[in-house]
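User: I'm new to this one and would like a close look at a single part of it. Could you pick one spot and walk me through what surrounds it?

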Amino acid sequence: MHEDEKFYKGKHWKSLRESILKRDGYMCQYCKRFGKRVQADHVHHVLPREFFPEYRYTPWNLISLCNTCHEAMHYRKDRTLTDTGKELVKIVARKNFIDLNKIIGGSVKEN
């Protein structure tokens, strides 16, 4: 079984995913920023778990998103963050006192 499959099929992730969706009222939190009410389909790792495995189960690093917003956060082919994904990283990093220079090799920096 591939590492991603193993992670996402695990009991710990499934339980945490459900608690994050519940915490967020099963609504896309990115759409909510713009006054829209859209049902969430995904729980997204803001700081990607590939780069930050220490935050893979950390609730402040997880956000409920609709499919459209989730697709807008990172490129599927190479899993790198889009500009939208980087902006969300900045918001979450500031809120949780994470040094932006340490994030993804410094690729998500303040302008």
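Analyst: Let's start with Gln29, which sits in helix 3 (residues 29-32). Keep in mind that this is a predicted model. Is Gln29 buried or exposed? Its relative accessible area is 16%, and because the cut-off for buried is under 20%, Gln29 counts as buried.

So what does Gln29 touch? Leaving aside residues up to four places away in sequence, its contacts are Asp24, Ile63 and Ser64. With Asp24 there's a polar detail to look for: a polar atom of the Gln29 side chain lies 3.1 Å from the backbone oxygen of Asp24.

The other two contacts, Ile63 and Ser64, take us to strand 2 (62-65). Here Leu62 and Ser64 point one way, while Ile63 and Leu65 point the other way. That fits a general pattern: in a regular strand, side chains alternate between the two faces of the sheet. Whichever way they point, all four of these strand 2 residues are buried.

Strand 2 has a partner, too. Strand 1 runs antiparallel to strand 2, and four bridges join them. If you want a place to see the pairing, find His45, which stands opposite Leu62.

From strand 2 we can move on to helix 5 (residues 83-95). The buried residues of helix 5 are covered by elements including strand 1 (42-45), strand 2 and helix 4 (67-73). Those buried residues are Gly85, Leu88, Val89, Lys90, Val92 and Ala93. Looking down that list, it helps to know that an α-helix has 3.6 residues a turn, so residues three or four places apart point the same way. As for its length, helix 5 has 13 residues and reaches 19 Å from its first C-alpha to its last, close to the 18 Å expected.

Just after helix 5 comes Phe97, with a positive phi of about 60°. Why is that worth a glance? Most residues other than glycine have a negative phi, and Phe97 is not a glycine. Phe97 is exposed, with a relative accessible area of 78%.

That brings us back towards our starting point, since Tyr26 also has a positive phi of about 60° and is not a glycine either. You'll find Tyr26 in the loop between helix 2 (11-23) and helix 3, the helix that holds Gln29. At 35% relative accessibility, Tyr26 counts as partly exposed.

Conventions
Residues numbered from 1 in each chain as written. Predicted model: local features only at pLDDT ≥ 70, side-chain atom pairs only at ≥ 80, totals over all residues. Heavy atoms only, no water. Expected span 1.5 Å × (residues − 1). Buried < 20%, exposed > 50% of the residue type's maximum accessible area, 1.4 Å probe, protein only. Contact = heavy atoms within 4.5 Å. Pairing = 2+ DSSP bridges. Polar contact = N/O pair within 3.5 Å; in protein donor to acceptor, adjacent residues only side chain to side chain.
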